[in-house]
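Please open the model in your viewer and keep the selection panel within reach. The stops below are meant to be followed in order, each with something to select and something to look for.

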Amino acid sequence: MSTELETPSEGVDESEKRGYGEPEWKNHAKQTDLSELLKDGTKESHDRAENTQFVKDFLKGHIKKDLFKLATTALYFTYSALEEEMDRNKSHPAFAPLYFPTELHRKEALTKDMEYFFGEDWREKVKCSEATQHYVDRIHYVGQHEPELLVAHAYTRYMGDLSGGQVLKKVAQRILKLPSTGEGTQFYLFENIDNAQQFKQFYRARMNALDLDLKTKEKVVEEANRAFEYNMQIFNELDKAGSLLAKESQDGELLIHDGKGDIRKCPYYAAQQGKGAHEGSACPFKNVLVVLRQPNLQLVLAAVVALASGLMAWYFM
């Protein structure tokens with residue numbers, strides 16, 4: 001890898017090459033710059049997400065190795081969807097300036113991580129959980145119907161990965177004893193970006209130069225907040241599932257059921273009763289805990305953990 005930042009692979013003219021790594025644009029930033037609107041417009045969502053129990057525990061290094069290992073599954077599905085839509089819209093004027101597959105795309109790296117964690121036949125062992133599927137579906141909808149909003153998802157994911165994602169990688173390697181040589185954390189390795197800070201500055205400049213009117217920029221901010229909402233729903237789901245796992249560990253028994261047995265033992269049913277929900281509602285964590293008991297099918301909680309890593313990365317930007 002060279003010691004100087006390589007020029008992004010597509011869509012860079014000569015004047016940008018000369019100015020790459022010299023963010024003079026930020027000296028002239030305006031409140032109508034998309035990057036500034038995103039920063040200010042998602043602050044409340046940042047704060048709310050940062051105060052979920054799962055986020056606080058992860059940042060303290062309180063995370064089980066099995067859950068982090070499973071996280072790669074959701075990352076694979078999420079980035080597969082995102083990069084499919086980015087490829088689809090690589091010539092769209094509202095996204096083309098932000099299309100840097102060589103520098104940013106993560107699917108190939110995630111494939112390596114999947115093989116490390118699950119073996120060569122990993123595709124036969126994994127599936128997308130319900131929570132991740134909701135986010136994946138939204139990404140596909142945006143890419144196919146409102147591509148001008150795709151920037152909200154690309155910026156949130158990749159800029160976070162280049163920032164706090166690097167911190168999370170070190171935490172995982174230290175706490176979970178993952179190899180320092182990178183096995184299992186290829187996702188966080190951006191081999192074609194030598195200086196992450198300079199690249200982020202360049203990316204923000206490109207984003208600010210998009211030909212979007214103020215109304216569209218406001219919609220982009222709304223879409224970014226929507227992404228945070230998806231993640232916070234996942235955090236809450238993980239907190240509940242984690243509580244069941246902790247209780248199981250303490251009592252030595254599996255506190256799940258399909259409507260039989262002592263319903264008071266299930267925090268999901270207790271919460272549903274408190275909200276006046278229908279008695280027929282099924283506990284969503286039954287399958288999660290059952291799967292976790294099967295080494296070859298450890299996949300469901302991946303979605304819950306994985307999307308969190310990208311979101312938490314924002315706090316270090």
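Select D121 to begin: at a relative accessible area of 35% this residue is partly exposed, where buried means under 20% relative accessible area, exposed over 50%, and partly exposed in between, computed with a 1.4 Å probe and the protein chains only. Add K125 to the selection, and you have a salt bridge with D121 in which the closest N and O atoms are 3.2 Å apart; the term stands for a side-chain nitrogen of Lys or Arg within 4 Å of a carboxyl oxygen of Asp or Glu.

The model on your screen is predicted, so local features need a pLDDT of at least 70 and side-chain atom pairs count only at pLDDT 80 or more, whereas totals for chains, interfaces and linings use all residues. Residues are numbered from 1 along each chain as its sequence is written, and side-chain values use heavy atoms, with hydrogens and water left out.

Eight salt bridges are found in the structure, and the next stop is the one between the side chains of R48 and E229, with an N to O distance of 2.7 Å. Because R48 belongs to helix α3 (residues 43-50) and E229 to helix α12, this pair ties together parts that lie 181 residues apart in sequence. Helices here are DSSP runs of H or I with at least four residues, strands are runs of E with at least two, and both are numbered from the N terminus. Both partners are partly exposed, R48 with a relative accessible area of 40% and E229 with one of 29%.

Stay on helix α12 and select E223 and R226, whose side chains meet in a salt bridge at 3.4 Å, N to O. The two residues are three apart in this helix, which means that about one helical turn separates them. Which of the two is buried, E223 or R226? E223 is the buried partner, with a relative accessible area of 2%, while R226 is partly exposed at 38%. For a network of salt bridges, select E84, E85 and R88, which are linked in this way.

Now select D211, D213, E218 and E222, which gather on the surface in a patch of negative charge. Such a patch is made of residues with over 30% relative accessible area and no salt bridge, like charges being joined within 9 Å. Within this group, D213 sits in the loop between α11 (196-208) and α12 (214-251), and its relative accessible area of 47% makes it partly exposed.

Turn next to the aromatic rings, of which the whole structure holds twelve pairs. Select F100 and F199 for an edge-to-face pair, 5.7 Å centre to centre with 75° between the planes; rings of Phe, Tyr and Trp (its six-membered ring) pair if their centres lie within 6.5 Å, and planes under 30 degrees apart count as stacked, over 60 as edge-to-face and the rest as tilted. Since F100 lies in the loop between α5 (65-88) and α6 (101-104) and F199 in helix α11, the pair ties together parts 99 residues apart in sequence. F100 is buried at 0% relative accessibility, and F199 is likewise buried at 0%. Extend the selection to Y155, F202 and Y203, and you see the cluster that ring pairs form with F100 and F199.

In the loop between α5 and α6, select L98, which is buried with a relative accessible area of 0%. How far apart in space are L98 and R206, C-alpha to C-alpha? The distance is 6.7 Å, although their positions lie 108 residues apart in sequence, counted as the separation of the two.

Finish at K177, in the loop between α10 (164-175) and α11. This residue has a positive phi of about 60° although it is not a glycine, and at 67% relative accessibility K177 counts as exposed.

Methods:
Patches are made of residues with over 30% relative accessible area and no salt bridge: like charges are joined within 9 Å, nonpolar side chains (Val, Leu, Ile, Met, Phe, Trp, Tyr) within 5 Å. Accessible areas come from the Shrake-Rupley method with a 1.4 Å probe; for residues, only the protein chains shown count as cover. Lys and Arg count as positive and Asp and Glu as negative; His and the chain ends are not counted. The place of a charge is taken as NZ of Lys, CZ of Arg, CG of Asp or CD of Glu.
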